[in-house]
Amino acid sequence: NCGRYAFNLSHAAKYARIGYETAYFKCHYPLEFFTVYLSYSKLKNKDPLDELAKLVNDARSFGIQVLSPNINAKNIEFSIEGEAIRFGLSNIKFVTSKFLDAIHTLPRLTDWRDFIRLCFTDKFGIKPNKNTVEALVVTGAFGDLGLGRKVLLNLHGFLSDLTDKELGFLINCLDGETLIKINSIYDLKTLPYPTRRAAKLASLI
């Protein structure tokens with residue numbers, strides 16, 4: 001049947017051209033190629049996480065480093081950073097669109113104090129939920145704060161269990177509104193928590 005043959009031939013020609021162009025860009029512009037493909041991997045019909053893992057490994061085989069997500073970079077999608085690719089925040093499971101929509105208003109986070117203010121106050125005009133915070137911590141998005149992921153998870157879990165009064169007192173100490181000075185994360189152990197809470201914090205940090 002000529003009609004069926006011509007239809008298939010036209011498709012074959014188009015696919016051949018797409019395959020050639022894709023191979024060309026992958027060979028000559030690998031950084032740009034993988035950045036775009038990684039950004040659109042979540043739109044794949046199959047498992048997007050599996051597709052993402054394959055593309056990251058493929059990029060590394062081309063000598064391209066895929067950097068961990070970084071909340072200070074504020075890149076929602078994958079983006080080029082020097083000669084590397086920065087992981088896009090929107091590709092982290094449990095990070096909400098509401099948080100991503102407001103992330104451009106977030107100031108640079110520099111230490112654990114900013115972590116507490118982000119998670120437990122309205123100081124920055126954006127407060128991520130528990131799942132979003134844990135997902136960001138586990139993927140290394142708070143790497144600029146200089147604390148390990150386990151410490152940040154422990155700290156967040158501990159503060160989540162505080163009463164509003166206890167948490168308010170701690171925030172006031174951070175903001176210099178009390179006589180108690182907190183110069184490092186370890187000074188949190190010196191705050192007058194109930195004995196049970198103090199013992200728990202000592203075991204976590």
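Ile71 touches Phe99, Ile103, Leu106, Leu109, Leu118, Leu136, Ala141 and Phe142, when residues up to four places away in sequence are not counted. The model in which these contacts appear is a predicted one. Ile71 also belongs to the largest nonpolar core, a set of 51 residues. Together with Phe115, Ile116, Leu136, Phe142 and Leu159, Ile71 ranks among the residues with the most contacts inside this core. The elements that each give two or more residues to the core are helix H2 (30–39), helix H3 (48–61), helix H4 (97–102), helix H5 (112–120), helix H6, helix H7 (149–160) and helix H8 (164–174). The greatest contribution comes from H5, which supplies six residues.

The chain as a whole may now be considered. It contains nine helices and three strands. Read from the N terminus, the order of these elements is α-α-α-β-β-β-α-α-α-α-α-α. The chain has 205 residues, and 39% of them count as buried. Of the contacts between residues at least 6 apart in sequence, 51% join residues at least 24 apart. The chain exposes about 12100 Å², of which carbon and sulfur atoms supply 56%.

Helix H8 shows how burial can be arranged along one element. Its buried residues are Glu166, Leu167, Leu170, Ile171, Cys173 and Leu174. These residues lie on the same side of H8, because they cover an arc of only 155° around the axis. The spacing of residues in a helix helps to explain such a pattern: an α-helix has 3.6 residues a turn, so residues three or four places apart point the same way. On the other side of H8, Asp164 and Lys165 are exposed. Just after this helix, Gly176 adopts a positive phi of about 75°.

Positive phi values also occur in residues other than glycine. One of them is Lys74, whose phi is near 60°. Lys74 is placed in the loop between strand S1 (66–67) and strand S2 (79–81). Lys74 counts as partly exposed because its relative accessible area is 29%, which falls between the limits of 20% and 50%. Phe94 is not a glycine either, yet it has a positive phi of about 80°. This residue lies in the loop between strand S3 (84–86) and H4. Phe94 has a relative accessibility of 52% and therefore counts as exposed, since the exposed class begins over 50%.

From Phe94 one may pass to a residue in helix H6. Thr132 is found in H6, which spans residues 130–138. The side chain of Thr132 reaches the backbone oxygen of Phe94 at 2.9 Å. Is Thr132 buried or exposed? Its relative accessibility is 0%, so Thr132 counts as buried. Besides Phe94, Thr132 touches Val95, Thr96 and Phe99, again not counting residues up to four places away in sequence. Phe99 is also one of the residues touched by Ile71.

The cysteines remain to be considered. A search of the whole structure finds zero disulfides. Cys27 counts as exposed because its relative accessibility is 53%. Cys119, by contrast, has a relative accessible area of 6% and is therefore buried. Cys173, mentioned above, is one of the buried residues of H8.

Note on methods
Residues numbered from 1 in each chain as written. Predicted model: local features only at pLDDT ≥ 70, side-chain atom pairs only at ≥ 80, totals over all residues. Heavy atoms only, no water. Helix = DSSP H or I, 4+ residues; strand = E, 2+ residues; numbered from the N terminus. Buried < 20%, exposed > 50% of the residue type's maximum accessible area, 1.4 Å probe, protein only. Polar contact = N/O pair within 3.5 Å; in protein donor to acceptor, adjacent residues only side chain to side chain. Contact = heavy atoms within 4.5 Å. Areas by Shrake-Rupley, 256 points an atom, 1.4 Å probe, with all protein chains shown as cover. Disulfide = S-S within 2.5 Å. Core = buried A, V, L, I, M, F, W, Y, C linked by side-chain atoms within 4.5 Å. Arc of directions from axis to C-beta.
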